[in-house]
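Thanks for making time this morning. I would like to walk through one model with you, beginning with how the strands pair and then moving to the side chains.

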Amino acid sequence: RAKVWVNFNGTGTVAIRDSFNVSSITDVGTGQYGVNIQNAMANANYTVTTSDAHDQLVYLLMGNVRVRSDVTITTTFFQVEWLTFSNGVFTDSEECNVAVFGD
């Protein structure tokens, strides 16, 4: 069972549609989002999974979704980023889904 999950709109003003154990989402930049965990994980060695992102105009072109390796993961915070397949440019997405598994 996921310890943390969130479904949010990453375009315009970032807005959480539904979530579990997420206090807020931060819009860090185009295609880059911070996830703030409400109840801390036991350690920072958890697994973050994401779904392919999409929007109405470029459906299935935005599938390179990853945890930001240049930002330190903590027990209460991590960042994810969405990039286009075609050119690797950061791109906002209408449909962002993230889940966390761990202790």
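Let me start with the pairing around strand E1, keeping in mind throughout that this is a predicted model. Strand E1, residues 4–9, runs antiparallel to strand E8, residues 96–101, and 5 bridges join the two. Within that pairing, Phe-8 has Cys-96 in E8 as its bridge partner. E1 is also joined by 5 bridges to strand E2, residues 15–20, again in an antiparallel arrangement, and there Phe-8 stands opposite Ile-16. E1 and E2 form a hairpin with 5 residues between them, and in the turn Gly-12 has a positive phi of about 60°.

Stepping back to the whole protein, there are 8 strands and 0 helices, so that, by the DSSP runs used to define these elements, the pattern read along the sequence is β-β-β-β-β-β-β-β. Of the 103 residues, 38% count as buried. If we take the contacts between residues at least 6 apart in sequence, 54% of them join residues at least 24 apart. The accessible surface comes to about 5500 Å², and carbon and sulfur atoms account for 48% of that surface.

Now to the segment before E1, which is where Ala-2 is placed. Is Ala-2 buried or exposed? Ala-2 has a relative accessible area of 17%, and it counts as buried because the cut-off is under 20%. Leaving aside neighbours within four places in sequence, Ala-2 is in contact with Phe-20, Ala-99, Val-100 and Phe-101. For the pair Ala-2 and Phe-20, which are 18 residues apart along the chain, the C-alpha atoms are separated by 8.7 Å.

A second backbone detail sits in the loop between E2 and E3, where we find Asn-21. Asn-21 has a positive phi of about 60° although it is not a glycine, and this residue is buried, with a relative accessible area of 13%.

Let me turn to the interior. Which residues touch the most other members of the largest nonpolar core? That core has 18 residues, and the ones in question are Phe-8, Ile-25, Tyr-33, Phe-78 and Val-98. The elements that give two or more residues to this core are E1, strand E3 (22–29), strand E4 (32–37), strand E7 (77–83) and E8. Phe-78 is worth a pause: its relative accessibility is 0%, and it counts as buried. Not counting residues up to four places away in sequence, Phe-78 touches a list of residues that includes Tyr-33, Val-35, Ile-37, Tyr-46, Ile-73 and Val-98.

The aromatic side chains deserve their own look, and the count here comes to 4 aromatic pairs. One of them is Phe-8 with Tyr-33, an edge-to-face pair at 5.1 Å centre to centre with 75° between the planes. Phe-8 lies in strand E1 and Tyr-33 in strand E4, so this pair ties together parts that are 25 residues apart in sequence. Both of these residues are buried. Another edge-to-face pair is Tyr-46 with Phe-78, at 6.1 Å centre to centre and with 65° between the planes. Here Tyr-46 lies in the loop between E4 and strand E5 (47–50), while Phe-78 lies in strand E7, so the pair ties together parts that are 32 residues apart in sequence. Tyr-46 is itself buried, with a relative accessible area of 9%. Beyond the pairs, Phe-8, Tyr-33 and Trp-82 form one aromatic cluster.

Finally, the polar side chains. How many salt bridges are there? The count comes to 1, and Glu-95 forms a salt bridge with Arg-17, the closest N and O atoms being 3.6 Å apart. This pair links distant parts of the chain, with Glu-95 in the loop between E7 and E8 and Arg-17 in strand E2, 78 residues apart. Arg-17 is partly exposed, at a relative accessible area of 43%. Gln-32, which lies in strand E4, is by contrast buried, with a relative accessible area of 13%. Setting aside residues up to four places away in sequence, Gln-32 touches Thr-26, Asp-27, Arg-68, Val-80, Glu-81 and Phe-90.

Methods: Residues are numbered from 1 along each chain as its sequence is written. This is a predicted model: local features need pLDDT of at least 70, side-chain atom pairs count only at pLDDT 80 or more; totals for chains, interfaces and linings use all residues. Side-chain values use heavy atoms; hydrogens and water are left out. Two strands pair if DSSP finds at least two bridges between them. Helices (H or I, at least four residues) and strands (E, at least two) are DSSP runs, numbered from the N terminus. Buried means under 20% relative accessible area, exposed over 50%, partly exposed in between (1.4 Å probe, protein chains only). Contact means heavy atoms within 4.5 Å. Accessible areas come from the Shrake-Rupley method with a 1.4 Å probe; for residues, only the protein chains shown count as cover. A nonpolar core is a set of buried Ala, Val, Leu, Ile, Met, Phe, Trp, Tyr and Cys residues joined through side-chain atoms within 4.5 Å. A salt bridge is a side-chain nitrogen of Lys or Arg within 4 Å of a carboxyl oxygen of Asp or Glu. Rings of Phe, Tyr and Trp (its six-membered ring) pair if their centres lie within 6.5 Å; planes under 30 degrees apart count as stacked, over 60 as edge-to-face and the rest as tilted.
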